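Ready for some practice in reading a protein structure? Take a look at the model below, then try each exercise before you read its solution.

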Amino acid sequence: MARLAGVSRATASRAINGGSRVSARAQQAVNDAVRQLGYTPNSAARSLVTRRTDSVALIVPEPDERVFSDPFFARTLHVVTNVLSERDLQVVLLIARPNDDKQRILRYLHRRTVDGAIVVSHHRDDGLSDEVATLKLPSTFVGRPWTSADQVSWVSTDNIDGSHKATRLLIERGCRRIGTIAGPADMTVGQDRLVGWRRALAEAELPDDAVVHSDFTEAGGIEAGRSIMRAHPDLDGLVVASDLMAAGALRALAAAGKRVPDDVAVTGYDDLGISEHTDPPLTTLRNPITEMADQAARLLLEQLDGSATAPRRVIFTPTLVRRLSA
């Protein structure tokens, strides 16, 4: 092929494998030779030489029923796949219940079956941030990792600020007994949104004892809504850490005869479509998932290209979206 194209073997190899330092004329000559000879690269042989698999793992340490029902994951997968497909990279989806399949995922990463990883929905005990840092595996986390946050790249939204904004909105509305349905305590997103709620209440010198943790699902929101209203029937405001949980909480409040927002004002978090269709439509914080997923994929590409010199963090600002629930 190199002879037919009139270039060296090294130039032909770089042109076929998408390398740099190939002139437009040489690239065209190699492309013409490939078509004339009907050449198809042997991906297995090329992988042995380059030590690249042309695949990236999207790791979601969550139950599969949540992965396929939560629009957060659907949006993230869609965006990441589109960005990586521009570079002909295949996305391998790895789903694992927290803790249950931890060793299976870690064994997979240790075998270097993929060139890099994007981790979504990170939990305190899954060990993923420490492992990829130790392996020096190109990686990006969507959401601030619990550990090794200074050794891996990550993107997130300012969850403390977002929850603070939601709580301030209820305070300015006149609510004085404000509870929260927080996210899982073993996730930084759950912790940070709880911190923002507490901070706003402390600034207003209001009590912060009405807290129930749940799992970012609608069913969890129903149960948490029932629980928090049983324990604190005097609540007049409710800050919920996700729209799915808020949708469940609205159903629990309606079943308890509470009018929203007249009796209890409610806010959510994410704004991924659900909030527009609840009854009443949900006031929420817009979490820029599309931008976050896009940035996570591009940070990973920088590492794969060798252009990233140090771990990077990118933090987006959430925006308040006013609807009828608060």
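The exercises below move from the whole chain to single residues, and the model they use is a predicted one.

**Exercise 1. The whole protein**

Task: Describe the protein by its helices and strands, its box, its buried share and its exposed area.

Solution:
- Step 1. Start with the secondary structure: there are 13 helices and 12 strands.
- Step 2. Next, the outline. Along the principal axes, the C-alpha atoms fill a box of roughly 85 × 35 × 35 Å.
- Step 3. Now the inside. Of the 326 residues, 51% are buried.
- Step 4. Then the outside. The exposed area is about 15,400 Å², and 48% of it comes from carbon and sulfur atoms.
- Step 5. Turn to contacts between residues at least 6 apart in sequence: 71% of them join residues at least 24 apart.
- Step 6. Finish with the charges. The protein has 40 positive and 41 negative ones, and the mean positions of the two groups are 8 Å apart.

**Exercise 2. Rings and charges**

Task: Find the aromatic pair, decide whether it is stacked or edge-to-face, and then find the arginines that lie over rings.

Solution:
- Step 1. The structure holds 1 aromatic pair.
- Step 2. Its members are phenylalanine 72 and phenylalanine 73, with ring centres 5.3 Å apart and ring planes at 90°, so the pair is edge-to-face. The cut-off to remember is that planes over 60 degrees apart count as edge-to-face.
- Step 3. Check the surroundings: phenylalanine 72 and phenylalanine 73 are both buried.
- Step 4. Look at arginine 124, whose charged end sits over the ring of tryptophan 146, 4.4 Å from the ring centre.
- Step 5. Arginine 193 lies over the face of tyrosine 269, and here the distance to the ring centre is 3.6 Å.

**Exercise 3. Unusual backbone angles**

Task: Which peptide bonds to proline 261 and proline 280 are cis, and where do these prolines lie? Which phi values do aspartate 88 and arginine 112 have?

Solution:
- Step 1. Recall the background: most residues other than glycine have a negative phi, and most peptide bonds are trans.
- Step 2. Valine 260 and proline 261 are joined by a cis peptide bond with omega of about 10°. Proline 261 sits in the loop between α12 (243-255) and β9 (265-267).
- Step 3. From aspartate 279 to proline 280 the bond is also cis, and omega is near 0°. Proline 280 belongs to the loop between β9 and β10 (284-286).
- Step 4. Aspartate 88 has a positive phi, near 65°. Its place is the loop between α6 (71-85) and β2 (90-95), and its relative accessible area of 66% makes aspartate 88 exposed.
- Step 5. Arginine 112 has a positive phi too, near 55°. This arginine is in the loop between α7 (102-110) and β3 (116-120). Its relative accessibility is 38%, so arginine 112 counts as partly exposed.

**Exercise 4. Three residues in their places**

Task: Are leucine 94, lysine 136 and phenylalanine 141 buried or exposed? Give the element or loop that holds each residue as well.

Solution:
- Step 1. Keep the cut-offs in mind: buried means under 20% relative accessible area, and exposed means over 50%.
- Step 2. Leucine 94 is part of strand β2. Its relative accessible area is 8%, so leucine 94 is buried.
- Step 3. Beyond the neighbours within four places in sequence, leucine 94 has contacts that include Ala57, Ile59, Ile105 and Tyr108. Glycine 273, 179 residues from leucine 94 in sequence, is 25 Å from it, C-alpha to C-alpha.
- Step 4. Lysine 136 is in the loop between α8 (128-135) and β4 (139-142). With 69% relative accessibility, lysine 136 is exposed. Its C-alpha atom is 9.6 Å from that of glycine 116, which is 20 residues away along the chain.
- Step 5. Phenylalanine 141 lies in strand β4. Its relative accessible area is 0%, so phenylalanine 141 is buried.
- Step 6. Outside the neighbours within four places in sequence, its contacts include Val119, His122, Leu128, Val152 and Trp154. Phenylalanine 141 and arginine 312 are 171 residues apart in sequence, yet their C-alpha atoms are 10 Å apart in space.

Note on methods: Residues numbered from 1 in each chain as written. Predicted model: local features only at pLDDT ≥ 70, side-chain atom pairs only at ≥ 80, totals over all residues. Heavy atoms only, no water. Phe/Tyr/Trp six-rings, centres within 6.5 Å; stacked < 30°, edge-to-face > 60°. Buried < 20%, exposed > 50% of the residue type's maximum accessible area, 1.4 Å probe, protein only. Lys NZ or Arg CZ within 6 Å of the ring centre and 35° of its normal. Helix = DSSP H or I, 4+ residues; strand = E, 2+ residues; numbered from the N terminus. Contact = heavy atoms within 4.5 Å. Areas by Shrake-Rupley, 256 points an atom, 1.4 Å probe, with all protein chains shown as cover. Lys, Arg positive; Asp, Glu negative; His and termini not counted. Charge placed at Lys NZ, Arg CZ, Asp CG, Glu CD.
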